[in-house]
Amino acid sequence: MTTLLIDMDSVIVDLMSAWCRRYNADWNDNLTPEDILTWEWEKYVKPECGRRIYQYLDEPGMFLHLEPLPHAIEVLERLSNRYEILIVTSSRRTAMAEKDAWVTRHLPFIGRKNLILAHRKDRICGDLLFDDAPHNLESFQRTGRTAVAMDYPYNRQVACLRVKGWLEFEQLIHRLFPESGGGGGGEHDGAAQDSSCHCGRRAGGDQRRDLGEADGTGSGGGRSG
Ligand SMILES: [Mg+2]
């Protein structure tokens, strides 16, 4: 069964909006996710805040109460009937338990047993990675596999497939892996049904390039604005 590796922060959950809200309230600013143009957030906050922007990520409750991005849960539930879904998230130590609880509460059809805490996502077996972090997208592609970006200004320099939301991602997956049958993943039978590893296989040969050019889902190179 085709295995999809799905990032959590800013892909399943709306971390960006919550982070901006907390910063704006404390520092009397009007920062929005669209203002963040690179991975280095400290460049876009007030100088007196600087790297303290990252301290919000250690606040108790920060990750526990994040909202899902539009259509994330419903699309994940549909995809889980045809593909094996693994949630792969790098996590600060303080957030691990909260992410575990979030998946248990909101994604019971995937389950906490399919939650992987990892910084080196390029070392995890799976056919495709859906992520927002430039370094994860780039390192995963270097393994010869397919990376799909959740589109944000800060990752537009990465040349890979990209989508603006979950409904678009669902359509893309069905085109990339039309052969994948049913059977479902889930906490109880997912990994046990098919232990084969598909590392190094790119989805559908040249489909990455073809789909990107034909459907406008590819970023090409460089930032498009
Ligand atoms: Mg992320």
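## A tour of two helices and a strand

Start by selecting helix α2 and helix α5: here A72, V75, R78 and L79 of α2 meet W166, L167, F169, E170 and I173 of α5. Sorted by class, this contact holds 7 nonpolar and 2 charged residues, with no polar ones. Keep in mind as you look around that this is a predicted model.

Now show the two helices whole, residues 72-79 for α2 and residues 166-176 for α5. Two things describe a pair of packed helices: the angle between their axes and the distance between those axes. In this pair, the axes come within 9 Å of each other and cross at roughly 20 degrees. Because angles under 35 degrees count as roughly parallel, α2 is roughly parallel to α5. Which hand does the crossing of α2 and α5 have? It is right-handed.

Next, move to strand β1 and select residues 3-6. Colour T3 and L5, which lie on one side, and then L4 and I6, which lie on the other. Are these residues of β1 buried or exposed? All of them are buried, leaving both faces of the strand covered.

Stay with β1 and bring in its partners. Add strand β2, residues 84-89, which pairs with β1 in the parallel sense over 4 bridges. Then add strand β4, residues 128-131, where the pairing with β1 is also parallel and runs over 3 bridges.

For a last stop, centre the view on L4. Its bridge partner in β2 is I85, while in β4 L4 stands opposite L128. Showing L4, I85 and L128 together lets you see β1 with a partner residue from β2 and the residue opposite in β4.

Definitions and conventions:
Residues numbered from 1 in each chain as written. Predicted model: local features only at pLDDT ≥ 70, side-chain atom pairs only at ≥ 80, totals over all residues. Buried ≥ 20, exposed ≤ 12 C-beta atoms within 10 Å, placed from the backbone. Pairing = 2+ DSSP bridges. Axes fitted to C-alpha atoms, helices over the stretch in contact; angles between N-to-C directions. Parallel < 35°, antiparallel > 145°, perpendicular 65-115°, else oblique. Left-handed = near helix turned anticlockwise from the far one by under 90°. Contact = placed C-beta atoms within 7 Å. Nonpolar A, V, L, I, M, F, W, Y, C, P; charged D, E, K, R; others polar.
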